[in-house]
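This report describes one protein chain for a reader who is new to structural analysis. Please keep the sequence and the structure in view while reading.

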Amino acid sequence: MYSRWNTYSSYLKGKYGEAVYRIGVDGGFSCPNRDKERHGGCAFCDGTGSIAVYQRSSESGYRRSAEYDSNVADTILPRLASIRAQIVRGRAFLERRYGARLFSLSFQSWTNTYDTPDNLRRIYDEGLSVMPFTELLISTRPDTVGEDVLDLLGSYVTDRRDVWVEFGLQSANDETLRRINRGHDLAQYMDAVERAHRHHLKVATHVILGLPGEGEEDFVRTARIVNESGAEAVKIHNLHITGGTSMADDYLSGIVTVMSEERTLEAVELFLRNLSAGIIIERLVSETPYHRLLAPRVFPDKSKFLRHLEARMEKNGTRQGDLA
């Protein structure tokens, strides 16, 4: 459908012959950056751990028109429900809604390598035992992947199954990483990607456009760092301000602002143009339930934003990688 960037759906259909649907589960992990000595985690993190929307039974009734609820951030915590039950529930949802036949298993909530190797093996083995998966995806941090963890993840790579590690970089600017209390620097990201590749793992990198103090030079630099790292895929997020975060306090005080749709379109287009054409685009915009979202409140939904981006790039004659 979209021709101006290298879509994840096209990659999956080309590799497997049909669509592959991701089942996101909460493996009961925490995050080292939320430990006391790290002062409560990243400035943008509201403590929900990026749990898949269809796994949030307590949030299933939210609507895009929902008012922001200042009490939500303190009451919605990651669930420790069984991995097996989550997979069964996720599969049923995806089969019912999309007619899905092929699936990837995504450990996406919190830092999914933050445990002992023995516990990690039991957790991953449990998930993979439920049903066949074409991909295993592990979302984590670049400072939480020792060689023992990478050895374990590499052991799950087969001729029929790729294993992806998703690293949250967010920005290639170390000053920005300090400002948002990210807890790692650029050098740790580059090292983690290099070591992951030595274990035959594929890498997806998360970035946030619109972080405080950043502008076009930062967007370009981050894109080019992702190129340099050799990461196979990227997830792009526009900055969202959610309740219960230190960044929310700064937003309410007027210290932090968020980009409008037009500014976000400009930023994403610029980022894509400086990103190597072969890198897979897994995501282009953030999605946060509106009852947890302080800003931006006036913003199109995902499908409309992608249509606007495609139209903009077609009008401008631009495409992914044309400045890389």
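At roughly what angle do the axes of helix H4 and helix H5 cross? The axes of H4 (residues 117-129) and H5 (residues 147-154) cross at roughly 25° and come within 10 Å. Because angles under 35 degrees count as roughly parallel, H4 is roughly parallel to H5. Axes here are lines fitted to C-alpha atoms, for helices over the stretch in contact, with angles running from 0 to 180 degrees between N-to-C directions.

This is a predicted model, in which local features need pLDDT of at least 70 and side-chain atom pairs count only at pLDDT 80 or more, while totals for chains, interfaces and linings use all residues. Residues are numbered from 1 along each chain as its sequence is written, and side-chain values use heavy atoms, with hydrogens and water left out.

**Helix contacts**

The crossing of H4 and H5 is right-handed, a term for the near helix being turned clockwise from the far one by less than a right angle. On the H4 side, the contact (heavy atoms within 4.5 Å) is made by Pro-117, Leu-120, Arg-121 and Tyr-124, and on the H5 side by Asp-148, Val-149, Leu-152 and Leu-153. By class, this contact has 6 nonpolar, no polar and 2 charged residues. Ala, Val, Leu, Ile, Met, Phe, Trp, Tyr, Cys and Pro count as nonpolar, Asp, Glu, Lys and Arg as charged, and the others, Gly among them, as polar.

H4 also meets helix H3 (residues 83-98): their axes come within 9 Å and cross at roughly 35°. This crossing, too, is right-handed. Ile-83, Arg-84 and Ile-87 of H3 make the contact with Ile-123, Glu-126, Gly-127 and Ser-129 of H4. The classes here are 3 nonpolar, 2 polar and 2 charged residues.

**Backbone details**

Most residues other than glycine have a negative phi, and most peptide bonds are trans. Two residues with positive phi are listed below.

| Residue | Phi | Loop between |
|---|---|---|
| Asn-181 | near 55° | H6 (174-179) and H7 (186-198) |
| His-200 | near 65° | H7 and strand E5 (202-209) |

Asn-181 counts as partly exposed at 25% relative accessibility (between 20% and 50%), whereas His-200 is exposed, with a relative accessible area of 63% (over 50%). A cis peptide bond, with omega about 0°, joins Ala-295 and Pro-296. Pro-296 lies in the loop between strand E9 (293-295) and helix H11 (302-316).

**The chain overall**

The chain has 11 helices (DSSP runs of H or I, at least four residues) and 9 strands (E, at least two). Of its 324 residues, 53% count as buried (under 20% relative accessible area, 1.4 Å probe, protein chains only).

Definitions and conventions: Parallel < 35°, antiparallel > 145°, perpendicular 65-115°, else oblique.
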